[in-house]
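Student: Please give me a close look at a single part of this structure, the largest pocket. I work at the bench, so a plain walk from the whole chain down to the residues would suit me well.

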Amino acid sequence: MLRRIRRTEEFPSISKYLVEINQKLSLCQEACDASDLANLILNDYALTNKLLKLVNSAYYGLVAGKVTTITRAVVVLGYERVRLATISLALLDHFQGKAHTADLKETLIASFWAGVVAREIAGAGAAIDPEEAFVCAMLTQLGKLVMIYYLPDEYQKVVDWMAAHGHGETKAVKAACGVTYEALGTAVAGQWNFPDRICEGLQPLTSDDLRGRRKAPTQLRVVSGFVKALGQLIEQGELTGDDRKWQNLLDRYKDRVKLTRRKLQTLVLDSIDSVRRHAQALNFSIENSAFIQHLARGCETAEAALPDVKAEASLLPESQSHQLTDGLAFKEESGDPAVLSPKDVILAGIQEISEALMADFDVNDVALMSLEILYRALAFHRALMFAREGDGRTMTIRFGYGLSSDELAHKVGFQVSSGRDLFNLSIASGKDLIVADAHDDKTVRLLPAWYRTHIDAPAFVFMPIKVQNVCIGAFYADRHQAGQPVSDEAHRYLSMLRNQLILAVKYRQGSK
């Protein structure tokens with residue numbers, strides 16, 4: 001099955017993306033900075049917009065309305081939380097984009113619901129990271145999603161077997177295909193380089209596991225299994241207000257999941273609004289879903305049986321229970337976030353930097369934010385930050401976004417001197433360098449060998465960053481085709497962006 005899945009057209013692209021994101025953290029988290037993760041995310045413009053919208057929604061009430069760059073999101077929320085949020089968005093986008101069958105859409109909605117509920121349980125004190133709980137619970141449906149999406153013939157065998165024998169899906173998939181959904185999902189998760197703790201969390205739980213007769217399962221696996229079992233009851237329409245199945249589920253997990261029946265019903269009641277808010281933040285449609293309809297009916301009967309259940313404190317933190325608000329003025333067109341104008345992106349970024357300056361900030365983070373804003377706002381093919389080294393004589397590429405930026409960082413640079421090449425002339429005069437045709441004969445003669453060898457872009461802009469008449473670095477950005485790289489108006493806004501970075505450097509120097 002894995003060999004057949006690998007040969008499909010879509011699998012290699014989503015695999016490469018998820019493997020890269022997972023590898024960034026698994027190798028050495030301390031060695032990664034905000035630009036490493038931001039670089040991967042910024043390659044997908046639609047995903048960038050969705051992640052920023054999510055970060056600025058009630059889903060992350062702590063920072064609502066204040067984050068306009070992926071770099072800032074990483075700084076504020078943490079590398080791991082942004083990485084996991086990106087993974088969940090990428091998976092939802094991948095399967096949602098081809099949800100051409102009702103079963104695929106229903107399974108995707110059920111997996112999304114499981115992630116949201118697991119996140120809330122974790123946030124209420126389950127001793128696991130809420131974002132990790134979201135991803136792991138969502139992935140418990142991965143095997144089924146993969147089979148429907150990549151192996152439709154095998155999935156049809158499962159459907160036919162259930163119809164012919166009247167048994168449930170767990171038995172049907174094993175009988176019809178010789179494999180379980182959990183085994184297939186775990187195998188694909190391994191292909192995508194998910195950590196062992198996530199892959200382990202996808203494994204089904206037996207009564208012996210829960211009673212500790214074997215090696216005790218991790219709490220991540222327990223919460224994922226609990227939410228999956230709850231989702232199966234909802235999907236089958238078996239939850240009612242006075243049904244013993246509420247208590248049976250709790251009894252099975254009582255040693256590891258500390259929820260009363262009333263709290264569980266509160267959680268299920270709250271989950272509809274929670275899923276709708278989070279789905280709205282992700283532009284994820286849950287309308288006309290049979291799963292949501294089963295969930296709503298279960299909630300109605302539960303609420304009728306326990307009329308005072310809503311009076312009990314919600315499991316959601318207060319910051320996550322308010323109405324959805326978007327800090328960025330994204331407009332919705334055909335379900336996709338509209339692209340903000342370059343001016344709006346730059347001005348919003350300048351405002352974000354100003355707010356960062358009011359708090360405890362790191363100059364490198366502000367520099368990363370500035371470069372990301374420049375890169376995103378004007379859709380450059382590559383944006384690089386040059387910085388002067390400690391010896392004062394060398395300018396090297398410190399970090400960047402876009403084409404080959406990782407390879408160029410810390411490896412390419414030049415000597416700051418009285419030379420007559422364009423970069424040293426720009427630094428000496430303090431004037432920005434805007435080149436519309438770098439391959440013009442007159443221009444080529446003024447370009448240094450290091451530039452022609454390592455970069456050699458047809459059009460570029462180079463903007464020195466000077467503090468007290470000393471050039472400490474420079475913005476650089478280029479395009480793949482000749483032509484004016486920035487308009488006069490865009491250049492003015494980029495100058496404002498540079499001034500914010502200079503202000504941050506001066507402020508930090510003055511505070512030492």
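Tutor: Happy to. The protein chain exposes about 22400 Å², of which carbon and sulfur atoms supply 49%; this area comes from the Shrake-Rupley method with a 1.4 Å probe, and for residues only the protein chains shown count as cover. Please keep in mind that this is a predicted model, in which local features need pLDDT of at least 70 and side-chain atom pairs count only at pLDDT 80 or more, while totals for chains, interfaces and linings use all residues. Residues are numbered from 1 along each chain as its sequence is written, and side-chain values use heavy atoms, with hydrogens and water left out.

First, the setting. The protein chain has 26 helices and eight strands, taken as DSSP runs numbered from the N terminus (helices are H or I with at least four residues, strands are E with at least two). Of the 512 residues, 54% are buried, where buried means under 20% relative accessible area, exposed means over 50%, and partly exposed lies in between (1.4 Å probe, protein chains only). Among contacts (heavy atoms within 4.5 Å) between residues at least 6 apart in sequence, 67% join residues at least 24 apart.

Next, confidence. The mean pLDDT of the chain is 82, and 85% of the residues score at least 70; pLDDT is the predictor's confidence in each residue, from 0 to 100. Residues 306–338 stay under 50, and the model gives this stretch 72 contacts beyond four places in sequence. Among the elements, strand 1 (residues 332–333) has the lowest mean pLDDT, 33, and strand 6 (residues 433–435) the highest, 96.

Now to your pocket. The largest pocket has a volume of about 600 Å³. Of the 27 residues that line this pocket, Thr-170, Glu-182, Lys-228, Ala-229 and Gln-232 are the closest to its centre. Pockets are found on a 1 Å grid over the protein atoms alone: a pocket is an open set of points with protein on both sides within 12 Å along at least five of seven lines, whereas a cavity is a set of points where a 1.4 Å probe fits but cannot get out, and lining residues have an atom within 4 Å of a point. Grid points are joined across faces, edges and corners, and the volume is the space filled by probe spheres set on the points.

Which helices build the wall? At least two lining residues each come from helix 9 (142–150), helix 11 (169–177), helix 12 (181–191) and helix 15 (219–235). Helix 15 gives the largest share, six residues. By class, the lining holds eight nonpolar, 13 polar and six charged residues. Here Ala, Val, Leu, Ile, Met, Phe, Trp, Tyr, Cys and Pro count as nonpolar, Asp, Glu, Lys and Arg as charged, and the others, Gly among them, as polar.

Let's stop at two of these helices. In helix 9, nine of the nine residues are buried, among them Leu-142, Val-146 and Tyr-150. Lys-144 lies in helix 9 too and is buried, with a relative accessible area of 8%. Leaving aside residues up to four places away in sequence, Lys-144 touches Thr-107, Tyr-155, Glu-169, Tyr-181 and Glu-235. Its partner Tyr-181 is 37 residues away along the chain, yet the C-alpha atoms of Lys-144 and Tyr-181 are separated by 5.6 Å.

In helix 15, Gly-225 counts as buried at 15% relative accessibility. Beyond residues up to four places away in sequence, Gly-225 touches Leu-205 and Tyr-253. The C-alpha atoms of Gly-225 and Leu-205, 20 residues apart along the chain, are separated by 6.6 Å.

For contrast, turn to the second largest pocket, with a volume of about 400 Å³. It is lined by 17 residues, and Val-363, Asn-364, Ala-387, Ile-472 and Val-505 lie nearest its centre. Helix 21 (363–377), strand 3 (382–388), strand 4 (394–402), strand 8 (470–479) and helix 26 (488–511) each supply at least two of those residues. This lining divides into ten nonpolar, three polar and four charged residues.
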